[in-house]
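Please read the points below with the structure open beside you, and look up each residue as you come to it. The note is written for someone new to reading models of this kind.

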Amino acid sequence: MAFARTCSVALVGVDGVVVEVQADLEPGLAAFTLVGLPDKALSEARDRVRAAVVNSGETWPQRKLTVGLSPASVPKSGSGFDLAVACAVLAAADRLDPSVIAGLLIIGELGLDGRVRPVRGVLPSVLAAADAGYRQVVVAEQTAAEASLVPGVSVMGVRSLRQLIALLTDAPPPEEAPETLVGRPDPLLAGLLLPGIGVRDVASAHVIRPDLADVAGQYEARHALEIAAAGGHHLYLKGPPGAGKTMLAERLPALLPPLTEAEALEVTAVHSVAGLLPPNRPLIDSPPYCAPHHSTTMPAIVGGGSGMPRPGAVSLAHRGVLFLDEAPEFPVRVLDALRQPLESGEVMIARSAGSMRLPARFLLCLAANPCPCGRHSIRGEGCECTPTMVNRYQARLSGPLLDRVDLQVRVSSVSRAELLARDSRAESTATVAARVREARRRAAVRLAETPWRTNAEVPGHELRTRWRLQSDALTDAERDLERGLLTARGLDRVLRVAWTIADLSGRDRPSRPDVRTALALRTGVHRGPLAERPPHRRAPDFEGTNDGTSDSDIGAEQ
């Protein structure tokens, strides 16, 4: 009897489980048995591995072969075990030294010609290997850069099974010229990068970066956008079609600060598992932006699917922005499913094949028309919807969901004067992003000894007891709470927004105007003087308009 073993990784969501790959050769009729709860793709590894070994110039053992994947109780899926199975079989057949591969962790799919193909989820797999104490991993050459992001791990990127055998036996490497591809993509990357569901890499060189200065008017919405980015607060933009809601939301990710090293690894791991990680950019260091269509299903938003669940839009937007345009058009069940990740920052999914946790700490941005036709307003100009239709449409966004949204802003239509004017006071994305970074820095100093990073994450009890506001700051909020106009959760969120406004203004503690501004941004009701705003939010100077519209008329219109 000949026996050998090595290791690979089984992914459960974005968490990896180290799997021992054991190969046993016994006298008897030639057969290949694979055990250990493999799925269909893994069961087919028997044919792939046999063909890859033979086409690599090696002899396939003509004995009874049993390959076991331990622990047997963990479901295994995918083709990433192929290379580990081939090495274990060759070691059991005395072609490789069993002691050499025993300390390796091997990940890769094998083509029938012996080439090593990359697989998804290499980063979380290597992270799991590092946590388990492995210091040497073998992956496909195309994913070596992604695996090298894990500190303390030596990565060996191989192009073929023949090359790996030569490296493990100290033999001269085979002559393998890289395949030249002219005018067509690399076929080895076909299964590595899958179509996304509206996920945009805002730092990619192929993506046009929209600037906040392109938005005409909308100074209150700009202010809300800045507060949302500075404190990580959820945002709801409500207004007629063409007012600029989508333009504002698309500019929100660029206001967020770059991801820290730990956050970048989290985001990259999720995108690697989902097949959305570009091969030429192994690390995602900028906040992602995910904008699914309103017809997207529940598993695509929250996560799930047949068999073991896959990351959904809420996880793909982790540490970034999840934008739901035309939010009332989404199924009510899908919208209400967001309530739990909005509170906890993660999603727990249970299926018959197992349960798993997916990260989902995102900044939610909702956009909606006021009614089905979109023309409903305070003056009711041109709206053909009945009051019942308007109420039914607006009720699709449930109260418990909106209670978790800190900033609820009405976006008015842009006048012709605002649209055609040259607004010299409109700030660019870079200017606003600098203020956001400074506000985040102030919050980080205050929260340095706590597990929280942004004001939106701090529990309300801590805000009310640990960090005191000015003496009369809560007068208006307490009045609304007594009248039933504000819930206990709403009060906590008003306090969080007030702290963010104070951080943006450079104050050590929120004042009464800060709380008033937070209340106004949540309820839409202005009650007295608000906190100071930067000069650019005053009415702009308009030039080149011949319609007789004055600045005072524009202010009255807004």
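The numbered points that follow go from the whole chain to single residues.

1. The model is a predicted one, and every remark below should be read with that in mind. The chain has 558 residues, of which 50% count as buried, and it holds 24 helices and 19 strands. Among contacts between residues at least 6 apart in sequence, 72% join residues at least 24 apart.

2. Which residues have the most contacts inside the largest nonpolar core? This core has 51 residues, and the ones in question are L235, L252, C365, L407 and V515. Helix α22, which runs over residues 488-505, gives the largest share of the core, namely eight residues. A second core, separate from this one, has 42 residues and includes F32, A52, I106 and V138. As general background, nonpolar side chains in soluble globular proteins tend to be buried together.

3. V515 deserves a look of its own, as one of the residues with the most contacts inside the largest core. When neighbours within four places in sequence are left aside, V515 is in contact with L469, A473, L474, A477, V494 and A498.

4. The cysteines can be taken together, beginning with the statement that the structure holds zero disulfides. C365 counts as buried because its relative accessibility is 0%, and the cut-off for buried is under 20%. C373 is in no disulfide either, and the nearest cysteine sulfur, that of C371, is 3.4 Å away; a disulfide would need the two sulfur atoms to be within 2.5 Å. With a relative accessibility of 24%, C373 counts as partly exposed.

5. Helix α3 (82-92) is worth turning over in the viewer. Is this helix enclosed or exposed? Eleven of the eleven residues of α3 are buried, so the helix is largely enclosed by the rest of the structure. Among these buried residues are D82, C87 and A92. Just after α3 comes D94, which takes a positive phi of about 65 degrees.

6. The second largest pocket contains about 610 Å³ of space. It is lined by 31 residues, and those closest to its centre are G232, R319, R361, T454 and E457. By class, the lining has 13 nonpolar, six polar and twelve charged residues. Helices α15 (339-344), α19 and α22 each supply at least two residues of the lining, and α22 gives the most, with four residues. Helix α22 therefore appears twice in this note, as it also gives the largest share of the largest nonpolar core, eight residues.

7. T454, one of the residues closest to the centre of the second largest pocket, is placed in the loop between α19 (429-446) and α20 (460-465). T454 is buried, because its relative accessible area is 7% and buried means under 20%. Apart from neighbours within four places in sequence, T454 is in contact with G231, R440 and L447.

8. Some backbone details should be checked by eye. The peptide bond from S70 to P71 is cis, with omega near 10 degrees, and P71 lies in the loop between β4 (64-70) and α3. R319, which is also among the residues closest to the centre of the second largest pocket, has a phi near 65 degrees, a positive value in a residue other than glycine. The loop that holds R319 lies between α13 (313-316) and β15 (321-324). D170 likewise has a positive phi, near 60 degrees, and is a residue other than glycine. D170 is found in the loop between α7 (161-168) and β10 (199-200), and at 73% relative accessibility it counts as exposed.

9. Where does Q470 lie, and which residues does Q470 touch? Q470 is in the loop between α20 and α21 (475-482), where it is partly exposed, with a relative accessible area of 32%. Residues up to four places away in sequence are not counted here, and on that basis Q470 touches R509, P510 and S511. Q470 and S511 are 41 residues apart in sequence, while in space they are 5.6 Å apart, C-alpha to C-alpha.

How values were computed
Residues numbered from 1 in each chain as written. Predicted model: local features only at pLDDT ≥ 70, side-chain atom pairs only at ≥ 80, totals over all residues. Heavy atoms only, no water. Buried < 20%, exposed > 50% of the residue type's maximum accessible area, 1.4 Å probe, protein only. Contact = heavy atoms within 4.5 Å. Core = buried A, V, L, I, M, F, W, Y, C linked by side-chain atoms within 4.5 Å. 1 Å grid on protein atoms, 1.4 Å probe; cavity = no way out; pocket = protein on both sides within 12 Å on 5 of 7 lines; lining within 4 Å. Points joined across faces, edges and corners; volume = space filled by probe spheres on them. Nonpolar A, V, L, I, M, F, W, Y, C, P; charged D, E, K, R; others polar.
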